[in-house]
Amino acid sequence: MQDAAGLHAAAFEAELVGTVPFVYRYHPMVRELRSRIAAGDAGVITSLHGSYLQDWLAGADDQNWRVDDSTGGPSRTFADIGSHWCDLTEFVTGDRIAAISAQLRTVRGQRGGVEVRTEDLATAQFRTEAGVVGTIVVSQVAAGRKNRLYLEVSGTESSFGFDQEDPDRLWVGRRTASQLLTRDPETLSPPAARVNRLPAGHAQGYQDAFDSFVADSYAAVLGDHPDGLPDFAAGARSARVVDAVLRSAANDSAWITVDNS
């Protein structure tokens with residue numbers, strides 16, 4: 001956390017651009033979701049819930065440098081993928097996580113004969129600055145799931161669901177009827193259309209989101225101020241959330257206030 005804060009401060013003092021690849025912000029349907037929430041389409045947001053599930057470390061012999069806390073840090077699964085879910089949730093709602101209660105579990109206590117001290121999965125409940133309650137499950141040992149980041153925003157007027165493995169669609173739920181919105185540059189809001197790269201019917205996915213992030217980073221270096229560009233402040237913010245998760249899990253899932261300074 002101190003390193004992230006230091007990098008943010010150094011970039012600010014040197015007046016340099018520093019960005020963090022929270023690229024899920026760049027799916028057009030994420031921007032559409034953000035625009036609709038900002039317009040009040042959800043009504044009163046009542047809850048936030050979702051997950052980020054992977055299986056690439058499910059096997060007893062699966063290994064990666066992130067597993068070792070001396071190289072990957074004290075948190076693995078939450079720092080690696082929970083960070084993306086939390087950033088995305090705060091980005092689309094404009095509401096920050098204020099306090100969190102978390103638990104961690106290490107399923108594979110040994111990998112290659114070496115003790116594992118980082119978590120394979122984590123769950124957390126949280127509340128936001130606006131008082132919205134939420135839950136999240138993240139796992140790198142969920143067989144069959146590859147990069148299933150799912151976010152659902154529940155509201156009194158409309159609810160919205162975004163699935164990163166089906167990024168061209170946005171579920172909109174209402175009491176009278178529900179619908180699936182399909183990415184179409186003819187109907188997208190201006191913020192969503194800005195990051196749209198392909199005609200309707202041509203799949204646009206993760207790599208395109210990454211390309212848009214890189215393009216915005218270069219634009220910022222050249223003096224522009226692209227909307228929604230995740231900078232070092234976003235990275236430092238994420239580190240504070242991860243730190244709160246670790247402190248909560250180490251204290252029997254105690255509620256920990258997140259530093260929102």
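This briefing looks at one pair of packed helices and at the empty spaces in the structure above. Keep in mind that the model is predicted. Helix α7 (residues 232-249) is a good one to follow, since it packs with α1, helps line the largest cavity and gives the largest share of the lining of the largest pocket.

**How α1 and α7 pack**

- Two packed helices are described by the angle between their axes and the distance between the axes.
- Here the axes of α1 (residues 2-14) and α7 come within 8 Å and cross at roughly 160°.
- Angles over 145 degrees count as roughly antiparallel, so α1 is roughly antiparallel to α7.
- The crossing of α1 past α7 is left-handed.
- On the α1 side, the contact is made by Ala4, Ala5, Leu7, His8 and Ala11.
- On the α7 side, Phe232, Ala233, Gly235, Ala236 and Ala239 do the touching.
- Sort these contact residues by class and you get eight nonpolar, two polar and no charged ones.

**The closed-off space**

- Searching the whole structure turns up one cavity of 30 Å³ or more.
- The largest cavity holds about 60 Å³ of space.
- Its lining is made of Phe78, Ser83, Cys86, Asp87, Glu90, Ala234, Arg237, Ser238, Val241 and Val242.
- Helices α4 (77-93) and α7 are the elements that give two or more residues to this lining.
- The lining of the largest cavity is a mix of five nonpolar, two polar and three charged residues.

**The largest pocket**

- The largest pocket has a volume of about 890 Å³.
- It takes 33 residues to line the largest pocket, and Ala79, Asp80, Ser83, Ser238 and Val242 lie nearest its centre.
- Five helices, α1, α3 (69-72), α4, α6 (206-221) and α7, each supply at least two residues of the lining.
- The largest share comes from α7, with six residues.
- By class, the lining of the largest pocket has 17 nonpolar, 11 polar and five charged residues.
- Ser83, Ser238 and Val242 turn up in the lining of the largest cavity too.

**The second largest pocket**

- This pocket has a volume of about 350 Å³.
- Of its 18 lining residues, Leu16, Val17, Gly18, Leu229 and Asp231 are the closest to the centre.
- The elements giving two or more residues here are α1 and α7, the pair that cross at roughly 160°.
- Helix α1 gives the most to this lining, with three residues.
- The lining of the second largest pocket splits into nine nonpolar, six polar and three charged residues.

Note on methods. Residues are numbered from 1 along each chain as its sequence is written. This is a predicted model: local features need pLDDT of at least 70, side-chain atom pairs count only at pLDDT 80 or more; totals for chains, interfaces and linings use all residues. Side-chain values use heavy atoms; hydrogens and water are left out. Axes are lines fitted to C-alpha atoms, for helices over the stretch in contact, and angles run from 0 to 180 degrees between N-to-C directions. Helices (H or I, at least four residues) and strands (E, at least two) are DSSP runs, numbered from the N terminus. Angles under 35 degrees count as roughly parallel, over 145 as roughly antiparallel, 65 to 115 as roughly perpendicular and the rest as oblique. A crossing is left-handed if the near helix is turned anticlockwise from the far one by less than a right angle, and right-handed if clockwise. Contact means heavy atoms within 4.5 Å. Ala, Val, Leu, Ile, Met, Phe, Trp, Tyr, Cys and Pro count as nonpolar, Asp, Glu, Lys and Arg as charged, and the others, Gly among them, as polar. On a 1 Å grid over the protein atoms alone, a cavity is a set of points where a 1.4 Å probe fits but cannot get out, and a pocket is an open set with protein on both sides within 12 Å along at least five of seven lines; lining residues have an atom within 4 Å of a point. Grid points are joined across faces, edges and corners, and a volume is the space filled by probe spheres set on the points.
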